[in-house]
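Please open the structure in your viewer and keep the selection tool at hand. We will go from one selection to the next, pausing at each stop to look at what is there.

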Amino acid sequence: MSPGGEKAARRTRNRMTDDVIATRARALAGALAESGFARLRVRDGETEIELRRAPRTSPAAVAIALLSADPDRAAERPPDRAEVVSSDVVGIVRLMRPAIAEGQELEGDREVAYVETLGIRNPVRSRGAGRVSAVFVTDGQPVEYGQPLFTIER
Amino acid sequence: MFKKVLIANRGEIALRINRACHELGIATVAIFSDADRQSLHVRHADEAFCVGPGPVARSYLNIPNIISAALISGCDAIHPGYGFLAENARFAEIAADHGLTFIGPKPSVIAAMGDKATAKRIMHEAGVPTTPGSDIVASADEALAVAEKIGFPVLLKATAGGGGKGMRGVATAAELPTAFATAQAEAEASFKDGRMYVEKLLVNPRHIEVQVIADEHGGVAHLGERDCSVQKPSHQKLIEEASAPALDPNLRDRLHAVAVKATRAVGYTNAGTLEFLVAGDDFYFMEMNTRIQVEHPVTELIYGVDLVKEQIRIAAGEPLGFTQDDLHPHGHAIEVRVNAEDPDNNFSPAAGTLTTVVFPGGPGIRVDTHVYGGAVVPPFYDSLLAKIVAVGRSRESAILRMERALGETRIEGVKTTVEFCREVLANEEFRAGGIGVGWLPAFLTRRAAVVS
């Protein structure tokens with residue numbers, strides 16, 4: 001195995017927890033969209049996932065909040081309508097200039113990045129205004145399907 | 001030799017390819033769907049990329065995401081395994097366009113052999129015996145005219161077909177229109193290609209296939225035959241053997257010679273299989289599979305050749321490491337497919353969590369599997385959980401060894417084919433050898449009658 005292979009393998013494993021959460025959240029989002037409920041909370045060991053239906057948006061735009069099961073940390077991070085924006089494709093992520101940064105206020109829907117797959121640009125949009133609460137990727141990084149790119153609080 | 005190979009598959013075959021790569025010192029990249037995140041093939045690979053959600057159309061058949069994963073991870077080749085994109089000529093072409101070596105034959109050969117009617121015509125022209133029948137028929141009426149000319153019973157087949165889909169046996173003229181419509185609808189749904197042809201239906205023939213291998217320098221060899229006559233009513237194989245039992249040595253030699261001739265005639269490279277139907281002293285070409293087969297281990301065990309490693313070496317441009325004269329089979333091998341299926345309910349597939357998984361071991365047993373205790377069987381994929389393979393000095397010793405191995409096997413949480421296969425192995429007609437493809441369906445009918 002090449003050194004690059006080892007590094008990338010570690011990257012895959014390190015990402016696993018976030019990936020699992022993102023996958024479950026997506027599955028729950030589907031269940032929430034189909035149900036008539038406004039809120040759904042699931043707890044599994046250390047992880048608690050809460051989903052709320054965003055007001056006046058399509059069912060696909062269900063907001064996702066990731067909470068720690070630790071009550072103190074949960075208090076630090078109130079269950080805002082934080083939406084995880086993930087990659088729909090496998091490719092190289094390119095951040096638009098000026099690059100999206102934590103704490104940044106987005107005024108409306110705009111293309112914040114794109115994922116390049118076989119030379120094709122797959123735009124990643126902010127899908128509305130909000131505050132960027134987390135950026136998980138750097139420009140030029142390879143990303144897989146479902147990989148969280150950033151979180152936007154509405 | 002390649003530095004890094006992307007394995008465009010899942011399940012046991014992904015692990016099989018991963019092992020071959022690692023033994024050759026090649027790094028591996030796995031792909032997986034959301035539903036396979038915890039699968040063993042993901043853990044064994046050096047790197048892994050999620051390429052889509054559970055349904056195959058969006059993950060294991062997602063060509064852009066798969067090629068992209070190969071490129072961004074720095075792969076120089078792709079092994080497609082079997083199923084999914086293994087016989088997709090367009091995928092092979094796209095891979096080549098992006099500088100990736102497709103481990104398999106040339107796209108033009110995949111395309112020619114993948115279209116069953118074209119393959120039959122090419123083989124016929126190469127002097128390979130083919131079943132009497134038609135080229136593509138435009139309608140049920142046209143199929144009926146052909147059937148009346150060659151005589152009933154006939155088989156309606158989709159030219160894009162495979163795995164028993166888009167195929168119907170028809171005994172009388174009255175049944176034909178309905179059978180044609182349903183087979184065509186199935187072919188359109190499964191392969192997006194509803195073109196049909198007609199051929200003479202042989203009564204209870206044996207399914208015997210010849211393994212061939214060819215390098216890119218003109219070297220061609222066969223690795224004997226496999227008998228895959230134990231097939232479910234859906235025509236899916238359940239138990240396979242090498243060599244074929246109770247086969248006339250003359251007929252065997254003719255089969256091998258024709259297979260090598262056909263391989264040269266189509267300009268074939270890499271590993272492939274020619275499937276024949278054998279009836280009495282005659283045999284007829286059915287189709288050529290341009291990939292590694294599920295049942296390849298029975299051939300490996302009696303010939304002592306690693307077919308997957310050979311595939312990789314050939315794709316890297318190396319010549320065959322042996323000639324025909326170097327190849328001699330030793331003993332007999334038998335494979336049982338452990339499927340998550342209910343044999344008492346038309347082999348309907350089962351999904352769920354495997355609560356207990358214990359596989360057999362000991363002398364002469366090989367287990368190829370991707371499952372483990374606690375593993376989840378997702379509803380989206382093929383029901384194959386494991387292949388248990390037994391090798392012995394004789395057919396009798398291989399069967400006894402398999403019975404011992406199946407007795408050690410414990411899989412709980414979903415219904416499986418393990419106990420059913422033990423019943424088959426214990427059957428006198430099966431033990432005698434030489435049964436046809438109609439044997440298992442008849443066995444099932446008798447069994448159902450006894451149960452009720």
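Which residue takes a positive phi just after α4(B)? Select G99(B), and you will find that its phi is about 80°. Keep in mind throughout the tour that this is a predicted model.

**The helix α4(B)**

Now select the helix itself, residues 89-97 of chain B, and colour its buried residues, which are A89(B), F91(B), A92(B), I94(B) and A95(B). An α-helix has 3.6 residues a turn, so residues three or four places apart point the same way. If you next show what covers these buried residues, you will meet, among others, α3 (63-72), β4 (77-79), β5 (101-102) and α5 (107-114) of chain B. At the start of α4(B), select N88(B) and R90(B), where a side-chain oxygen of N88(B) comes to within 3.0 Å of the backbone nitrogen of R90(B).

**Aromatic rings in chain B**

Stay with F91(B) and add F102(B) to the selection: the two rings form an edge-to-face aromatic pair, with 6.1 Å from centre to centre and 85° between the planes. Because F91(B) belongs to helix α4 and F102(B) to strand β5 of chain B, the pair ties together parts that are eleven residues apart in sequence. Both F91(B) and F102(B) are buried.

Select F276(B) and F285(B) next, which also form an edge-to-face pair, here with 6.4 Å between the centres and 75° between the planes. F276(B) is buried, with a relative accessible area of 0%, while F285(B) counts as buried because its relative accessibility is 1%, where the cut-off is under 20%.

For a group of rings, select Y60(B), F84(B), F380(B) and Y381(B), which form one aromatic cluster. Then move to R395(B), which lies over the face of F430(B), at 4.9 Å from the ring centre.

**The sheet in chain A**

Turn to chain A and select the four strands of an open, antiparallel sheet, whose order is β8-β7-β5-β10. The edge strands are β8 (120-125) and β10 (142-143), each of which pairs on one side only. Between β7 (residues 111-117) and β8(A) the antiparallel pairing runs over six bridges, and E116(A) stands opposite R121(A) of β8(A). With R121(A) still selected, add Y114(A): the arginine lies over the face of this ring, at 4.0 Å from the ring centre.

**Where the two chains meet**

Finally, show α3(B) together with the sheet, and you will see that α3(B) lies across β5 (91-95), β7 and β10 of chain A, running at about 85° to β7(A).

Notes. Residues numbered from 1 in each chain as written. Chains lettered and ligands numbered in written order. Predicted model: local features only at pLDDT ≥ 70, side-chain atom pairs only at ≥ 80, totals over all residues. Heavy atoms only, no water. Buried < 20%, exposed > 50% of the residue type's maximum accessible area, 1.4 Å probe, protein only. Helix = DSSP H or I, 4+ residues; strand = E, 2+ residues; numbered from the N terminus. Contact = heavy atoms within 4.5 Å. Polar contact = N/O pair within 3.5 Å; in protein donor to acceptor, adjacent residues only side chain to side chain. Pairing = 2+ DSSP bridges. Axes fitted to C-alpha atoms, helices over the stretch in contact; angles between N-to-C directions. Phe/Tyr/Trp six-rings, centres within 6.5 Å; stacked < 30°, edge-to-face > 60°. Lys NZ or Arg CZ within 6 Å of the ring centre and 35° of its normal.
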